[in-house]
Amino acid sequence: LKYDFPKYSIKDCVNFKRKFLSEVFNINKILGILGVGLGGYEAYTWACEYPDETEFIIVGNSSFKTAGYRYITSKALLYIIDSSDAYLDDIYSEHISNIVFTINSLAYSQYLSKKAFQQFTREELDIFMDNFLEENSHIDIYDVKYRIEAVLNYDIEDKLSNIKAKTLIANSSEDVYFSPELDAYPLKDRIENLEIHIFDAQKFVFNDDYSSFINLFREFLEEFKK
């Protein structure tokens, strides 16, 4: 469908998954949802719009609305796509691939915390960035545009009090895109059954130590064992 694909919202993504689970597996209530980044948008939306359908949500580095820095960044990415006439071509040209490359380059600038980036040499940053661009080179520009538009319109702040699910938020310290100060701590007075865990992003990058997450999740999920 390319540029004729219908626009969708984060709630549309949630509703599609709800319909899929119901029609294919006859599942109308789920135990929990884990979402990171954009997946966190869906987890929050699901818990807000359908509070009786899940018992817990775990959200990593995400937010409950698109505002401020994220809004400007998303608008800038849309400008990059819309500035190219190739976007409307019937053939997926090399020029479109270059736009995807540019978008992914900007995305990588928000991938780690500022302090983590500062610890690497230029040579290391070149290697890490090249690997990131290679891993994401298959992303389709039309999908990118529709997701950005969905993100731009995302805001469930006035519905947060609907959440009944036990909620765990894991956020990295000094994250460029999702900050504890703006995206985690403000939820303390919005969600009743809430735990917030902030981890050292710089230390995590160097050690790749996932054990802290495993222990955190195990402890959180203990009460949900069936």
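Before we look at how helices lean on each other, here's a handy rule: angles under 35 degrees count as roughly parallel, over 145 as roughly antiparallel, 65 to 115 as roughly perpendicular, and the rest as oblique. Keep that in your pocket while we walk through this structure, which is a predicted model.

Let's try the rule straight away on two helices. Helix α4 covers residues 94–108 and helix α7 covers residues 141–152, and the two pack at an angle of about 45 degrees, with their axes 10 Å apart. That angle fits none of the named ranges, so α4 and α7 are oblique to each other. In general, two packed helices are described by the angle between their axes and the distance between the axes. Now look at who does the touching: I96, I99, V100 and I103 on the α4 side meet I141, Y142 and V144 on the α7 side.

While you're in α4, find S105, which belongs to this helix. Is S105 buried or exposed? Its relative accessible area is 17%, and since buried means under 20%, S105 counts as buried. Leaving aside residues up to four places away in sequence, S105 touches M129 and L133.

Next, try another helix pair. Helices α1 and α2 pack at an angle of about 75 degrees, and their axes are 9 Å apart. Go back to the rule and you'll see that α1 and α2 are therefore roughly perpendicular to each other. Plenty of residues take part here: I10, K11, C13, V14, K17, R18 and L21 from α1 meet L38, Y41, E42, T45, W46 and E49 from α2.

Time to step back and take in the whole chain. It has ten helices and four strands. Starting at the N terminus, the elements come in the order α-β-α-β-α-α-α-α-α-β-α-β-α-α. The radius of gyration is 19 Å, close to the 17 Å that the globule rule gives for 226 residues, so the chain is as compact as a globular protein of that length. Its C-alpha atoms fill a box of roughly 50 × 45 × 30 Å along the principal axes. Of the 226 residues, 42% are buried. If you take the contacts with a separation of 6 or more, 77% of them are between residues 24 or more positions apart. As for the outside, the accessible surface comes to about 13,300 Å², and carbon and sulfur atoms account for 53% of that.

Now for the strands. They form an open sheet of four, in the order β1-β2-β3-β4, with parallel pairing. The edges belong to β1 (30–36) and β4 (194–199), each of which pairs on one side only. On average, neighbouring strands of this sheet are turned by 10 degrees against each other, if you ignore direction. Strands of a sheet pair through backbone hydrogen bonds, either parallel or antiparallel. Helix α2 (residues 38–49) shows up again here: it lies across β1, β2 and β3, running at about 145 degrees to β1.

Let's zoom in on β3. On one side, five bridges join β2 (residues 54–60) to β3 (residues 166–172), and these two run parallel. You can spot F56 standing opposite K166, while I58 has L168 as its bridge partner. On the other side, six bridges join β3 to β4, again in parallel. There, S172 has F199 as its bridge partner.

How many residues of β3 are buried? Seven of the seven are, so β3 is largely enclosed by the rest of the structure. In a regular strand the side chains alternate between the two faces of the sheet. You can follow that here: K166, L168, A170 and S172 point one way from β3, T167, I169 and N171 point the other way, and all are buried.

Finally, here are two backbone oddities. Most residues other than glycine have a negative phi. N26, however, has a positive phi, near 60 degrees, and N61 has one of about 40 degrees although it isn't a glycine. Where do they sit? N26 is in the loop between α1 (10–25) and β1, and N61 is in the loop between β2 and α3 (68–82). Their surroundings contrast: N26 is exposed, with a relative accessible area of 62%, whereas N61 is buried, at 17%.

Methods. Residues numbered from 1 in each chain as written. Predicted model: local features only at pLDDT ≥ 70, side-chain atom pairs only at ≥ 80, totals over all residues. Heavy atoms only, no water. Pairing = 2+ DSSP bridges. Axes fitted to C-alpha atoms, helices over the stretch in contact; angles between N-to-C directions. Contact = heavy atoms within 4.5 Å. Rg over C-alpha atoms; globule rule 2.2 N^0.38 Å. Buried < 20%, exposed > 50% of the residue type's maximum accessible area, 1.4 Å probe, protein only. Areas by Shrake-Rupley, 256 points an atom, 1.4 Å probe, with all protein chains shown as cover.
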